[in-house]
Amino acid sequence: MKKHIILSYLFLVAFAGSLFASEVNIFSARHYDSDVQLYEKFTAKTGIKVNVVSGKSGALEKRIIEEGADSKADLYITADAGRLGAFEANLQGGLTSAAIKSVVPSNFRTSKWTGIAKRARIVYFAPERVSGAELAGLTYESLADPKWKGRLVIRASNNIYNQSLVASLIKNNGKGKVADWSKGMVANMARSPKGNDRAQILAVAAGEADIAVANTYYLALMLSGKKGPEQQAAAKKVKPFFPNQDGRGTHMNISGAGLVKGAPNKANAIKLVEFLLSEEAQNHIVNNTFEYPMIKGVSPHPLVVNMGLDFRQDLKTKVVNYGKRQADALEVMTAAGWK
Amino acid sequence: MTKYNIWFFGSLLIATVVALPIITVFFSFFSETSNYFQVLKNTFLFDYILNSFLILFFVLIITFFLGVSCAYFVSFYEFPLSNFFSWALILAFAIPSYIFAFSIIAFFENYGTAFSILTLLFGEYNYNPIIPKLDGMIGSIIAISFSLFPYVYVLTRSSFFFQSNNYIEVGKNLGLSEKETFAKIILPSARPAIIAGLSLVAMECLSDFGTVSFFSVSTLTTGIYNSWLSFDDLNSANQISFILLLFILILLSIEIHSRKEAKYHQPGRGFKPINKIKLSGKKALFAFMFCSLVLLISFIFPVSQMIYWSVKFPKYIQDIDIFKINLNTLKLVCLASLVLVSISLLINYGSRISKSKILNYLTNFSLSGYAIPGIILAVAFITLFSNISDLITNNTNLGSTKKIFIGSIFGLVLAYFIRFFSLSFNGIKSSYEKINSSIDESAYLLGYSKIKTFSLIHVPHLKSNILLIIVLISLEIIKELPITMILRPFNFETFATQAYVYASQDLLEAAALPSLFLIFWSTILIIFSSKYILSSKN
């Protein structure tokens, strides 16, 4: 008898999630608390319950694959186009409504996934040690120039932001050239790659290196004081620089959402994506994560505005290439001894 | 003759369930892999093995040094606060090594806590270049050592505790110096206990996943994780697991062997506690300083770092749904303890009344779960149940069973069961064996049924032991990371997963609060059970 009660309790708990009629299930590799507030707004508006499993992107992708047709996942949300591109075989078309197509530029979406917010991967420098003349005309390509020897910090090659950056370089310059470029990068490193993007910016502030490669929102995040007064002070010691202004523009990446194959709540998932692209949601996102808005008519956070908005974005290189060239990117970096 | 009764089949079933992950790993060793494994063999596999070994080697040296020194001081000497240290040093058990890793990073990074302290003390200056950066390999070794040394400490200390003489006096009578006494008498006497402790450290160290991934050091466990995640190659993952399992099985047999030896060192009837030698002056100060330093680094340092962050970034206190996470943890702990303890009791009872040898072998076989790293277990668990489910759907009209096992509380509890069955079964077995079987016969003579004997005589005898087992299971589940991370359902976080998710998102300061709660509950459980832990022989 007791066993029966326990068993039925176990099954009840196991299936409690599927009792709600209207819901949408998100596998999210991007789990800011502000996203949770956003989902709550969506639920309040539509009555659709948002369920979230958060985790590292790789583990989430594997779980979706292993669960196969049984996966409850509707949307896969991640902070890099490279991830979505590499996962495309497990996504399905359907993000094609006018509400999406009309607001997201075509290089930031496919029918299976779409960008929700933008970020740029840029160079940070210490004005005390790097002159304007040295920086003039700086490109990602010229970071491998011997004049930066022992002066550059960038994170490890297993990092997806780096893989996407290198993939875009391969798309534009060819694999052979980028293989040489990777060797030049390794030769210029001030230290063996370690830590996250923020750690690279802090290394420049601390004098360990003169220039760093990192995403845009990290500097704004530190300047906001959310990381404490020490990092706020440190962030003021470095300045952002947007590379490739004379050519194709600065490397752009996205936070995005993909529609999972066999999604049990496809219509709700599309509704949620459309909501995330609404003015209300975009305002919420940019003010909490310091990313650039995906849609027109929304201003980024003032600290991001201060970093400068009139730079040329690379809108020529479609972000779908980040996934396609990912393996090549990892290969050339590994071959160059990029840790 | 073995009786093929219900007990036999019950034990067989449990043994099979618990052994399934190992069997899965073993069979995949013969299946095909992708090119990745070949590439890996040619490039990084050696590095993975080397890194695992380097970490293991230094962790063993450090835990040996810390564990044995502390046990030596508190067992044989009296110095200020020595009684306090004898239990306080176990508190390091409450800090999982991945949380220790967060603390190290936060303290030593550019503009980190050390920088703030120096600025506060000596004014503004760029202190960053002079603060050592404890990361990578060194950071991993320190984090793992300081969170695992209590294994060596606890076992060595109890081995000292049960010796009938104070060996220091023996040494004096033999005309040996203190150093000679230590090297020639004390250390050899505790050898089996020390080896048992070190092999537990080694197993935990080899299965560590969180710490090394946080310090971006690639070891065999990261190899397993990466080949599964980045290259979609479950077979490669399982083959690397196989290499790791071989090491672990060797360690496990060393551990079992030294445990057997340890039995010869147990006290006879004339056992009396050691008369401790009172230290004074410099020696007392040294012992006091040493123990304080170990306690400071292993427990007070990470706790203070977490408190400092929680206070400095109070925003996250309202962001995190602490009540819900407490409830989730409680739910897991209750369900898992209930299942583990009741099945362990039943199987123990079964092997007691049926007195079958095969049953003993079977249960021994099923104890392997604890030796498998959580990450391997989780991967094997998913492999197994998706295969079974595919088999069912391909051959019958039945629907898929994946949902029942993957991403459900039921699946999570089942995985915990596989992992911790050995802990709970052995724990109950050790005290069950102390109930003389003649008591059962007397009970039957008095007209007690088997069920009555079990519930009215056995269970009351085992009560305090069951309580201890529940505490140990809870402690393990509260700290458990990889299994929970991979198998948990929607909207479900524990303190461990919440802390890890934040930390991997560059939000270490948000990871502080869940970490602090994790440490808080673990500490309470440790204090509650410290008397048992310190006096237990195994």
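This is a walk through a predicted model with two chains, A and B, from the meeting of the chains down to a single residue.

Let's begin where the two chains touch. On one side, 34 residues of chain A take part, and they are in contact with 35 residues of chain B. If you look at the chain A side, several elements each supply at least two residues: α1 (2-15), β2 (49-54), α3 (57-67), α9 (197-205) and α11 (229-235). The residues on this side of chain A are 14 nonpolar, 11 polar and nine charged.

Now stay with chain A and look at how it is divided. Domain 1 covers 23-118 + 253-300, while domain 2 covers 119-251 + 316-335. The C-alpha centres of these two domains of chain A are 27 Å apart. Where they meet, domain 1 of chain A contributes 18 residues and domain 2 of chain A contributes 18 residues. On the domain 1 side, α4 (81-86) and β8 (252-259) of chain A are the elements that give two or more residues. Of the elements there, α4(A) gives the most, with six residues. Sorted by class, that side of domain 1 of chain A holds seven nonpolar, six polar and five charged residues.

Chain B has a domain assignment too: domain 1 is 1-32 + 313-493, and domain 2 is 42-310. Here 20 residues of domain 1 of chain B are in contact with 24 residues of domain 2 of chain B. Helices α1 (6-28) and α18 (374-395) of chain B each supply at least two residues of the domain 1 side, and the largest share, five residues, comes from α18(B). This side of domain 1 of chain B divides into 14 nonpolar, four polar and two charged residues.

Next, let's see how some helices of chain B pack. Follow helix α10 (residues 191-207) of chain B and you will find helix α7 (residues 136-161) of chain B alongside, with the two axes coming within 8 Å and crossing at roughly 155 degrees. How do these two helices run relative to each other? An angle over 145 degrees counts as roughly antiparallel, so α7(B) and α10(B) are roughly antiparallel to each other. Their crossing is right-handed. Among the residues that meet here are B:Leu148, B:Val152 and B:Leu155 in α7(B), and B:Ala193, B:Leu200 and B:Glu204 in α10(B). By class, this contact has 12 nonpolar, three polar and one charged residues.

Helix α10(B) also packs with helix α3 (residues 45-76) of chain B, at an angle of about 140 degrees and with the axes 10 Å apart. That makes α3(B) and α10(B) oblique to each other. This crossing, too, is right-handed. The contact includes B:Ile55, B:Val59 and B:Phe64 of α3(B), together with B:Ala202 and B:Leu206 of α10(B). Its residues divide into 12 nonpolar, four polar and no charged. Some residues of α10(B) appear in both contacts: B:Leu198 and B:Val201 are among those that meet α7(B), and they are also among those that meet α3(B).

Finally, zoom in on one residue, B:Arg419, in helix α20 (residues 409-432) of chain B. Is B:Arg419 buried or exposed? B:Arg419 has 27 C-beta neighbours inside 10 Å, so this arginine counts as buried. B:Arg419 also shows how a folded chain can bring parts together: B:Leu377 is 42 residues apart from B:Arg419 in sequence, yet their C-alpha atoms are 7.8 Å apart in space.

Notes: Residues are numbered from 1 along each chain as its sequence is written. Chains are lettered from A and ligands numbered from 1 in the order in which they are written. This is a predicted model: local features need pLDDT of at least 70, side-chain atom pairs count only at pLDDT 80 or more; totals for chains, interfaces and linings use all residues. Axes are lines fitted to C-alpha atoms, for helices over the stretch in contact, and angles run from 0 to 180 degrees between N-to-C directions. Helices (H or I, at least four residues) and strands (E, at least two) are DSSP runs, numbered from the N terminus. Angles under 35 degrees count as roughly parallel, over 145 as roughly antiparallel, 65 to 115 as roughly perpendicular and the rest as oblique. A crossing is left-handed if the near helix is turned anticlockwise from the far one by less than a right angle, and right-handed if clockwise. Two residues are in contact if their C-beta atoms, placed from the backbone, lie within 7 Å. Ala, Val, Leu, Ile, Met, Phe, Trp, Tyr, Cys and Pro count as nonpolar, Asp, Glu, Lys and Arg as charged, and the others, Gly among them, as polar. A residue is buried if 20 or more other C-beta atoms lie within 10 Å of its own, exposed if 12 or fewer, and partly exposed in between; C-beta atoms are placed from the backbone. Domain bounds come from an automatic or database domain assignment.
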